[in-house]
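Here is a small set of exercises to work through with the structure open beside you. Try each task on your own before you read its solution.

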Amino acid sequence: MEIHQVLVRALPANAVTKDALALRPLLRRFGPSEVFSFHRPDPGVPDVAPLGAYERRPAPPSGETVLVLHSWFDHAGVVRFLEGRPERVLLRYHGGAQPEQFERFDPRFARTLRAAREEIRGLRHRVDGVLTASRHNADELRGLGFERVAVVPPVEDMTALTAEPPGDGSALPATDGPVVTFVGRLAPNKAHELLIQAFHVLKTYLCPTAHLVLAGERRFHAVYRLALERYVAELALPDVHFTGGLTNAALADLYRRSDVFLCMSRYEGFCVPLVEAMAFGVPVVAWGVTAVGETVGDAGVVLDEPRPALAAEAVARVLADAALRARLRARADARLREFDAAAVGRRMVASIEAVLR
Amino acid sequence: MEHRGRPETGSPVEGVTGADPILAELHEAAAERHRSGQYPAGMEADLGDHFDAVAARRSHRQVRLDLLLSSLDEASRFDADPPCEELARQLQAHTRVLRELLAELVDALAAERADELSARVDLLLEQVARRGAAAPPG
């Protein structure tokens with residue numbers, strides 16, 4: 001059997017692309033397996049071929065071919081590609097942010113998200129099964145009428161990131177106090193304004209020397225980014241730092257310098273950075289909506305409300321309480337074992353076998 | 001607990017088996033700071049309102065520019081058959097630079113300061129010129 005993967009886009013430092021590349025060696029246990037991208041792959045992503053190359057490849061000598069389609073923000077082209085093709089299809093669903101969260105900053109993108117949801121819904125009779133990264137995503141898809149949905153988290157090998165040698169720190173701001181960190185592209189579903197509000201309370205009333213480092217791609221949703229920058233300026237918070245996207249080496253450096261990882265996202269389909277923070281021993285404070293609570297489990301302080309004063313209180317408590325930090329670190333170690341790449345890989349293979357049976 | 005802002009909505013906290021006892025302590029500590037006056041009345045709502053006000057400060061021109069940028073993104077997906085792949089590659093490279101230039105212009109316009117805008121445009125034009133000179137021959 002050949003199992004190939006289809007991405008809508010192949011981008012560097014992108015969770016969906018990384019998931020596909022991590023899956024490939026597992027899928028090669030079934031037979032030949034390559035990753036193809038509908039849009040031309042970014043040159044920064046090695047070993048991903050344009051989808052045209054899939055159609056030009058020699059016909060498999062025998063046996064069945066399966067395509068794993070990774071969800072994205074727009075699937076129209078891939079859906080057209082699948083029409084009339086004979087391959088069985090598995091959907092690897094990475095979640096879909098809610099359009100309403102983008103409406104006031106990026107109405108066109110909000111429309112794209114709405115269309116994407118319908119495109120996904122339209123695939124429910126075409127796919128043989130679904131692999132999602134979280135129970136939250138699985139429930140979302142069952143709500144759209146999908147059956148045969150298995151939950152397998154991303155196959156992320158954290159040791160690769162934690163083994164990154166220390167860099168020169170040039171990509172990171174100079175800090176002279178506790179560092180509160182969040183990693184995620186600047187997008188309304190990540191709710192950076194809530195992070196800034198919590199930091200404002202922390203800095204003003206609880207920990208005047210704190211810094212907030214917001215790492216993540218800032219090329220998209222320019223209006224949201226501008227609003228955040230203006231907001232930070234008007235609140236007079238010079239210790240809020242936007243780093244942009246980081247290399248793995250710089251990201252590892254950031255985690256090593258972080259004292260707390262704070263997540264106030266309104267929507268996450270899984271949120272790999274939560275696990276990355278745990279891998280570096282950084283205590284996690286997070287608002288537990290969508291898949292966030294599920295990913296963190298009991299290994300962090302999970303908030304039941306996104307209130308700035310509550311988040312600031314939690315961060316201040318973690319900073320001040322060594323026993324709490326030790327407890328969270330021990331729980332995080334246990335949680336990390338559940339995300340161990342080899343163990344998740346075995347689950348992934350078993351789930352694929354079950355779905356294709 | 002004092003909180004007059006619009007409450008955020010979201011699904012209930014998932015994946016957590018039993019509320020962590022620390023959560024109750026954190027709620028109580030935050031409430032006490034409100035009660036004692038350490039936090040100004042309406043602090044959280046004011047922070048939310050402030051961001052809403054900042055986010056609303058966008059001209060119609062900026063909204064229109066955003067939409068045009070998104071249109072350019074959509075129109076920039078050149079997927080070609082093998083004979084045209086090289087042309088598509090060049091078009092994509094050109095469009096990437098153009099998109100970057102336009103995005104920076106949109107940001108510069110949003111800054112609404114003529115001197116800053118002029119300096120940024122000069123800088124961008126220099127960058128584009130340098131990139132053009134460094135681009136491999138088509």
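## Exercise 1: a histidine in chain B

B:H27 sits in helix 1 (residues 21–35) of chain B; helices here are DSSP runs of H or I with at least four residues, strands are runs of E with at least two, and both are numbered from the N terminus. Before going on, note that you are looking at a predicted model, where local features need pLDDT of at least 70, side-chain atom pairs count only at pLDDT 80 or more, and totals for chains, interfaces and linings use all residues. Residues are numbered from 1 along each chain as its sequence is written, while chains are lettered from A and ligands numbered from 1 in the order in which they are written.

**Task.** Work out why B:H27 counts as partly exposed.

**Solution.** Start with the cut-offs: a residue is buried if 20 or more other C-beta atoms (placed from the backbone) lie within 10 Å of its own, exposed if 12 or fewer, and partly exposed in between. B:H27 has 19 C-beta neighbours inside 10 Å, so it counts as partly exposed. Next, look at B:P83: 56 residues separate B:H27 from B:P83 in sequence, and the C-alpha to C-alpha distance is 64 Å.

Now zoom out to the whole chain. Chain B has five helices and zero strands, giving the pattern α-α-α-α-α along the sequence. Of its 138 residues, 10% are buried.

## Exercise 2: the seven-stranded sheet

**Task.** In what order do the strands of the open sheet of seven strands in chain A lie?

**Solution.** Trace the sheet across: the order is 3-2-1-4-5-6-7, with parallel pairing. Two strands pair if DSSP finds at least two bridges between them. Then check the ends: strand 3 (48–50) and strand 7 of chain A are at the edges with a single partner strand each, so one side of each has no neighbour in the sheet. On average, neighbouring strands are turned by 30° against each other, direction ignored; angles like this run from 0 to 180 degrees between N-to-C directions, with axes fitted to C-alpha atoms, for helices over the stretch in contact.

Now zoom in on one pair. Three bridges join strand 2 (residues 35–37) and strand 3 of chain A in the parallel sense, and A:V35 has A:V48 in strand 3 as its bridge partner. Finally, add a helix: helix 1 (residues 15–27) of chain A packs on the sheet and touches strand 1 (2–7), strand 2, strand 4 (65–70) and strand 5 (88–93) of chain A, with its direction at about 175° to that of strand 1. Touching means that C-beta atoms, placed from the backbone, lie within 7 Å.

## Exercise 3: the six-stranded sheet

**Task.** Which strands of chain A stand at the edges, each with a single partner strand, in the open sheet of six strands?

**Solution.** Write down the order, 10-9-8-11-12-13, again with parallel pairing. Strand 10 (240–244) and strand 13 (301–303) of chain A are the edge strands; each has a single partner, so one side of each lacks a neighbour in the sheet. The average turn between neighbouring strands here is 20°, direction ignored. For a closer look, take strand 8 (residues 179–183) and strand 9 (residues 211–215) of chain A, which run parallel and share five bridges. In strand 9, A:L214 stands opposite A:F182.

## Exercise 4: two domains

**Task.** How many residues does each domain of chain A give to the contact?

**Solution.** First find the bounds, which come from an automatic or database domain assignment: domain 1 covers 2–156 + 341–356, and domain 2 covers 160–338. Their C-alpha centres are 28 Å apart. The contact takes 19 residues from domain 1 and 16 residues from domain 2 of chain A. On the domain 1 side, helix 5 (residues 135–143) of chain A gives the most, with three residues.

## Exercise 5: two positive phi angles

**Task.** A:R148 and A:T290 are not glycines, yet each has a positive phi. Is A:T290 buried or exposed?

**Solution.** Take A:R148 first: its phi is about 55°, and it lies in the loop between helix 5 and strand 7 (149–151) of chain A. With 15 other C-beta atoms within 10 Å, A:R148 is partly exposed. A:T290 has a phi of about 45° and belongs to the loop between strand 12 (284–287) and helix 11 (292–296) of chain A. Its count is 26 other C-beta atoms within 10 Å, so A:T290 is buried.
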